[in-house]
Structures are given as C-alpha cells and as structure tokens.
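Student: I have a model open and want to go through its interior. Can we start with burial and work from there?

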Amino acid sequence: MRCHRTALLTFSVLSLLSTSLFASPSLENDGGIDGSAGFASRTFSTGASAAYFNPARLFEGEDGLSLAFVAAADLLDIRLDPRPDGSDVGSSIERARAATTGGDSERLYFRPLPTDDLRQERGSADPTRGRYYLGVGGKLGLLDDLLAVGFLALLPVGSFQRVSPFYVDEREQYFSNSLHYELLGDRMDAASFAFAAALRPIPSTVLGVGVTMATSSTANTAIYVPDAADQERAQVNGAVDISTTFVPHFAVSWRPIDELWLSAVLHLEQQNTIGGTSELQFFDYDYPEGQSALNQRFAFSHAFLPLRAAIAARFDSAPSGDGLDWSIGAELSWWQWSSYVDRHNERPSMAFSDIFRPALGARLGLGGHELVLDGSYLVSPIPEQTGRSNYVDNDRVGLSLGWRWRLPFFDGMMRVGAQFSSQILLERRHSKRAASPDPVIDEYPDSVDVRSGEAISESFGFQSNNPGFPGYASEGVLLKGLLVLELVLDGAPD
C-alpha cells in the first residue's frame with residue numbers, strides 16, 4: 001500500500017488559510033503609496049507611508065487621508081540550459097534496485113519519476129505576471145503637535161492573498177518542474193497592514209514606533225480512506241487555527257540644525273508560518289504499535305522578511321521668497337538575509353548573505369507642485385547556485401519618478417499624484433558543479449533489475465530530474481505605476 005499518495009489531501013486545507021496572511025514584502029519592493037515615497041522611503045516618506053517606513057516622520061507633511069491605486073508588472077525570464085545527453089531518468093527505474101559494493105542491492109533512496117512521465121514540461125511555469133493593489137492610509141497630529149498617529153493598508157486586488165510554495169531542488173519535478181523567483185512571486189500578493197505613532201519629546205527629536213501584522217496558522221486534518229485501491233475517495237475533516245501577532249518597528253529622528261534631519265529605523269524579522277499534521281486512517285491497516293493513524297507533518301513559511309536596520313539623512317533648502325524649495329537625501333539599509341527560511345520552512349544549504357542597500361533621492365517643490373526622483377541598487381543575497389538548490393534572484397538597479405500637485409478642494413486642500421518606477425534585474429547565470437558543497441544528486445544510481453538481477457545499462461552515468469540542472473540564467477524588469485489622491489484635513493486654500 002502506498003500511503004504517501006494520500007498525503008496530498010493534507011494540503012487542500014491550505015486554501016482556508018490564504019485570506020488571513022499579513023506581511024510587507026510588496027511595500028519593501030515597490031515603496032510607499034504616496035507620491036513622495038519611492039525607493040528612499042525611509043528618508044522621504046510622509047503621511048500614511050511613514051507609518052511603515054519611518055514612524056519618526058509622521059509629523060512631516062499635513063494631516064490627511066490617502067487613497068492609491070497601484071499597478072505593477074513583473075517582466076521576468078528564466079532560461080534553462082539544455083540537458084546533457086543521457087541525463088534523463090528512464091522508465092526502467094520502476095523495476096530498479098541500487099547496486100551495492102558487495103554485489104547486493106537495496107531500495108533506491110530517491111524515487112524520481114521517469115523523465116517522460118513528469119506531469120509538467122521542464123521550465124513550463126511563466127514568471128511574468130501583473131499585480132494590482134489598493135492602498136488606504138492616513139495620518140493625524142494630536143496634542144498640539146506632540147503626538148502623531150498613522151496607518152497604512154496595501155491590499156492586493158483580485159486574489160486577496162496567494163500562497164504558492166515550491167521546492168528549490170529535484171523535489172519540484174513532481175509539481176511545476178520549473179524554477180521560480182525566490183523573493184518575488186506570491187510574496188508580492190501579501191496584504192500589508194501597519195499602524196504607528198510618533199512622539200516629539202523635544203523640538204529637535206522625534207521617537208516613532210509601529211507594528212505590522214503577521215499570522216501563525218495551524219491546520220490539523222483527519223483523513224479516512226475506506227479503500228486503499230481507490231484513494232480518490234476519502235473522508236476529510238480539517239481544523240484550522242489562526243493567530244495574529246504584531247511585529248514592531250522603531251524609528252528616531254534628530255534635527256541638529258533646521259535644514260538637516262537624521263534618522264535611524266529598525267524593523268524586526270517577520271514571517272507568516274503555516275504548519276500542521278494530517279492523521280491518515282485506512283481500512284484494515286496494520287498501524288505501528290501505539291498508533292491508530294499515520295501522522296504526517298508539514299510546515300511552510302510565507303513572506304519572510306529579515307531584520308532590517310537603516311540610517312537616513314535629508315537636507316532641506318532654506319525657505320525662499322520665490323516658493324522654490326528642495327530636498328536631497330540618502331539612506332543605507334542592512335538586511336540580515338542569513339537568517340532566511342524558504343517557503344518550505346527550510347534553511348538554504350548555502351546560507352544567504354547579509355546585504356546593504358543604498359538609495360538616493362531628491363525632491364523639488366514649486367508653486368504647489370512637487371517632483372520626486374529616487375535611485376537604488378540592491379545586491380542579491382543569494383549565492384551562486386552550483387549545487388542542488390535553484391534559488392533565483394538578481395542584482396537590481398532601481399529608478400523612481402514621481403509628481404504631486406497640491407490644489408484647492410472646496411473649503412480645504414487636496415493632492416493628486418502619480419509615480420512610476422522601474423527595477424532592472426541584471427542578468428545572472430548559474431552552472432552546476434560536481435565540487436559544490438551540496439551537489440546535484442544522481443537520482444538514478446547504478447542499479448540492477450529487481451526481477452532478473454541484471455545490471456540496468458541506462459542507470460549508468462549521471463541522471464537527474466532537477467529542473468535547474470545543468471544550469472540556468474535569469475533577468476527581467478519590474479515596473480510599477482501609482483495614482484494617489486490625498487485629502488488634506490487641516491489644509492486651507494493659499
């Protein structure tokens with residue numbers, strides 16, 4: 001009896017969890033929702049976006065509410081190198097036993113499918129996709145400008161949440177048989193919620209604290225299979241428990257002179273965890289002693305974000321009589337990617353690297369209009385993939401352009417804004433090497449026929465269904481467009 005085939009029933013309960021996951025990878029990737037927030041969002045964010053990126057900037061700008069629509073396109077490409085001749089797993093594996101040095105044989109440790117029997121063609125998954133979001137937020141000053149509060153929500157449109165785990169090695173042959181971008185994909189379909197407050201204890205210093213939401217979900221599934229020969233017919237009971245946690249972030253800003261602001265921001269590590277157990281019962285089955293069912297466990301991690309620390313500096317022009325003002329700024333953030341766990345809650349065999357991410361920005365204001373320019377460079381934390389794993393990621397160069405216009409609205413004021421950003425994913429190639437610390441596995445070792453005991457010639461040499469073998473390349477472009485409407489609560493026409 002092949003009980004492991006029914007384990008797939010367990011994962012059907014995951015669809016119950018997908019509407020309750022919160023994280024912020026899309027914010028970190030695309031920037032904030034107001035026209036002033038680009039890649040240097042920890043330096044220049046005002047209003048709602050400051051609630052996530054830098055709560056110590058909640059005093060900046062005017063009180064108001066924001067409504068934004070974001071459209072993004074991930075134009076991505078993964079090119080797989082041709083497989084060498086003789087590397088396919090043949091159908092003879094179904095009757096094979098691995099040959100041992102003593103002339104005996106043993107069961108195959110790995111059980112790949114014959115290459116011709118794989119459900120999906122190698123590399124058939126398309127990483128290119130569109131993304132849409134609705135952003136809502138606001139900011140309000142209280143207690144005679146001693147306290148400010150703000151909130152930000154970024155909600156995917158269409159699929160409110162999406163969790164699509166994948167394996168990064170030969171195990172993915174049973175599913176999509178493709179490679180996937182590790183730090184994009186379903187991570188960008190996570191709703192983001194942030195709440196924050198700022199306190200100004202003295203005029204030159206602002207302290208900020210905020211929280212983002214994360215969840216921990218457990219699914220316990222009981223499955224009864226009345227006929228092991230008909231495993232499509234089963235009775236299933238699923239129990240799901242979802243708990244919400246709040247992950248804090250902190251900020252401080254100091255103004256040593258009127259024109260200069262210095263900030264430091266700290267975001268703690270965050271992830272949504274999904275785990276559980278399935279209890280499989282079969283009719284007339286001899287369970288291990290002390291058990292009344294077969295227990296199978298699973299664990300996933302979704303939208304992992306590492307510890308992030310940043311410093312930022314902004315220089316503002318002195319007030320002028322012609323209405324012209326400008327700001328320039330820079331930030332440097334540090335990301336602790338060495339603590340990363342992937343979608344299957346596994347740590348990479350070759351750990352990711354901690355990285356620094358620089359960003360520069362400038363703002364120019366004149367007559368109610370504001371122009372925004374940001375640039376950034378992001379080094380991939382993922383090392384060269386010379387072995388089993390196929391984590392896909394690239395260095396990125398980003399540029400963001402924005403515009404905001406402040407204009408009268410009835411008895412108050414409003415702002416309209418637009419922003420466009422582009423990130424170029426620089427081409428990157430990986431080649432598998434036998435000398436890798438964790439090399440690609442020979443999934444069909446030298447074997448003998450289980451019936452005749454004769455050697456199977458097509459098992460000789462190296463065979464693997466690892467979709468990333470013998471190598472691959474990736475590149476692409478990320479595009480984002482934003483339209484925003486901000487209602488200024490305390491504004492009055494000039």
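Tutor: This is a predicted model. Buried residues account for 50% of the 494 residues in the protein.

Student: What are the box dimensions for the C-alpha atoms?

Tutor: Along the principal axes, the C-alpha atoms fill a box of roughly 95 × 45 × 35 Å.

Student: And how many helices and strands are there?

Tutor: The protein has three helices and 19 strands. Of the contacts with a separation of 6 or more, 73% are between residues 24 or more positions apart.

Student: Back to the interior. Which residues touch the most other members of the largest nonpolar core?

Tutor: Tyr 52, Tyr 181, Leu 184 and Trp 337 do, in a core of 37 residues. The elements giving two or more residues to this core are helix H3 (50-53), S1, strand S5 (147-156), strand S11 (294-305) and S19.

Student: What is Tyr 52 in contact with, leaving aside its neighbours within four places in sequence?

Tutor: The contacts of Tyr 52 include Ser 24, Leu 27 and Glu 28, then Leu 152, Ala 194 and Thr 212. His 249, His 267, Leu 305 and Arg 308 are also in contact with Tyr 52.

Student: Which residues are in the second, separate core?

Tutor: That core has 12 residues, among them Ala 148, Ala 196, Ala 251 and Val 265.

Student: Now the voids. How many cavities of 30 Å³ or more does a search of the whole structure find?

Tutor: The search finds six. The largest cavity holds about 190 Å³ of space.

Student: What lines the largest cavity?

Tutor: There are 16 lining residues, and Asn 29, Trp 335, Trp 337, Leu 378 and Arg 396 lie nearest the centre. Helix H1 (25-30) and strand S14 (355-366) are the elements that give two or more residues to this lining. H1 gives the most, with three residues.

Student: How does that lining divide into nonpolar, polar and charged?

Tutor: The lining of the largest cavity has nine nonpolar, two polar and five charged residues. Trp 337 is also among the residues that touch the most other members of the largest nonpolar core.

Student: What about the volume of the second largest cavity?

Tutor: Its volume is about 90 Å³. The second largest cavity is lined by 13 residues, with Glu 28, Phe 39, Arg 42, Glu 331 and Arg 357 nearest its centre. H1, helix H2 (41-44) and strand S13 (324-335) each give two or more residues to that lining.

Student: Which element gives the most there?

Tutor: H1 does, with four residues. The lining of the second largest cavity divides into three nonpolar, five polar and five charged residues.

Student: Switching to pockets, what is the volume of the second largest one?

Tutor: The second largest pocket has a volume of about 870 Å³. Its lining has 44 residues, of which Gly 61, Asp 325, Glu 370, Arg 404 and Arg 415 lie nearest its centre. By type, the lining of this pocket divides into 12 nonpolar, 15 polar and 17 charged residues.

Student: Last topic, the sheet with S2. What is the strand order?

Tutor: The order is S3-S2-S18, in an open sheet of three strands with antiparallel pairing.

Student: Why is one side of S3 and of S18 left without a neighbour in the sheet?

Tutor: Strand S3 (105-106) and strand S18 (447-449) stand at the edges, so each has a single partner strand.

Student: How many bridges join S2 to S3?

Tutor: Two bridges join strand S2 (residues 96-99) to S3. Glu 106 in S3 is the bridge partner of Ala 98.

Notes:
Residues numbered from 1 in each chain as written. Predicted model: local features only at pLDDT ≥ 70, side-chain atom pairs only at ≥ 80, totals over all residues. Heavy atoms only, no water. 1 Å grid on protein atoms, 1.4 Å probe; cavity = no way out; pocket = protein on both sides within 12 Å on 5 of 7 lines; lining within 4 Å. Points joined across faces, edges and corners; volume = space filled by probe spheres on them. Nonpolar A, V, L, I, M, F, W, Y, C, P; charged D, E, K, R; others polar. Pairing = 2+ DSSP bridges. Core = buried A, V, L, I, M, F, W, Y, C linked by side-chain atoms within 4.5 Å. Buried < 20%, exposed > 50% of the residue type's maximum accessible area, 1.4 Å probe, protein only. Contact = heavy atoms within 4.5 Å.
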